Amino acid sequence: MTLFVGNNRLQLQQFGAEPVDTLAGTPGNGSMAALMLRPVDTLSMIGLMLHGAMGRLGEAAGVEGFEFHRMVVKPTLAAGRRKVVVAFDGEVAHMRAPIDIRVLDKPLYLLQATGAANTPDAPEAAT
């Protein structure tokens with residue numbers, strides 16, 4: 001099984017994967033969305049990719065979408081395995097199960113350096 005989790009409403013809409021059972025708060029504003037893909041064969045996976053490319057992944061057979069504030073993932077692992085492969089923001093890591101996914105109570109504030117690109121006080125680029 002494959003599980004995608006996100007909170008970017010625009011990305012979910014582009015794939016056609018925005019959950020139907022929308023909570024108050026909607027993805028990216030207090031909740032997260034998940035897409036669960038059941039195990040499929042190669043031909044079915046090509047069909048899923050085409051649905052995603054056309055912005056209709058949520059309509060594909062074998063795909064379930066839902067929204068949540070907190071979810072604990074307890075995968076069934078092969079004997080002797082204690083970690084699961086997790087990909088996030090372009091990185092891949094091995095994490096111990098169970099995996100606790102939740103929306104934090106307080107937002108994460110990001111700092112931007114003075115003079116950083118695309119800011120009003122950024123230095124002008126040479127042309």
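Here a colleague and a modeller talk through the predicted model shown above.

Colleague: Glad to have this one! Which order do the elements of the protein chain follow from the N terminus on?

Modeller: First, some ground rules: this is a predicted model, where local features need pLDDT of at least 70, side-chain atom pairs count only at pLDDT 80 or more, and totals for chains, interfaces and linings use all residues. Residues are numbered from 1 along each chain as its sequence is written, and side-chain values use heavy atoms, leaving out hydrogens and water. Helices (DSSP runs of H or I, at least four residues) and strands (runs of E, at least two) are numbered from the N terminus, and the protein chain has 2 helices and 7 strands. Their order is β-α-β-α-β-β-β-β-β.

Colleague: Which strands sit at the edges of the open sheet?

Modeller: The open sheet has 3 strands with antiparallel pairing, in the order β1-β2-β3; two strands pair if DSSP finds at least two bridges between them. An edge strand pairs on one side only, and that describes β1 (2–6) and β3 (63–68).

Colleague: And which residue in β3 stands opposite Ala34?

Modeller: Strand β2 covers residues 32–37 and pairs with β3 in the antiparallel sense over 6 bridges. Across from Ala34, in β3, you will find Phe66.

Colleague: How many residues are in the largest nonpolar core?

Modeller: A nonpolar core is a set of buried Ala, Val, Leu, Ile, Met, Phe, Trp, Tyr and Cys residues joined through side-chain atoms within 4.5 Å, where buried means under 20% relative accessible area with a 1.4 Å probe, protein chains only. Members of the largest one include Met32, Ala34, Phe68 and Val73. Two or more residues come from each of β2, β4 (70–73), β5 (83–88) and β7. The count for this core is 9 residues.

Colleague: Leaving aside neighbours within four places in sequence, which residues is Val73 in contact with?

Modeller: Contact means heavy atoms within 4.5 Å. Val73 belongs to the largest nonpolar core, as do Ile99 and Ile101. Beyond those sequence neighbours, its contacts are Leu3, Pro98, Ile99 and Ile101.

Colleague: Pro98 caught my eye. Is the peptide bond from Ala97 to Pro98 cis or trans?

Modeller: Pro98 lies in the loop between β6 (91–96) and β7 (99–102). Most peptide bonds are trans. The bond from Ala97 to Pro98, however, has omega near 0 degrees, and is cis.

Key: Buried < 20%, exposed > 50% of the residue type's maximum accessible area, 1.4 Å probe, protein only.
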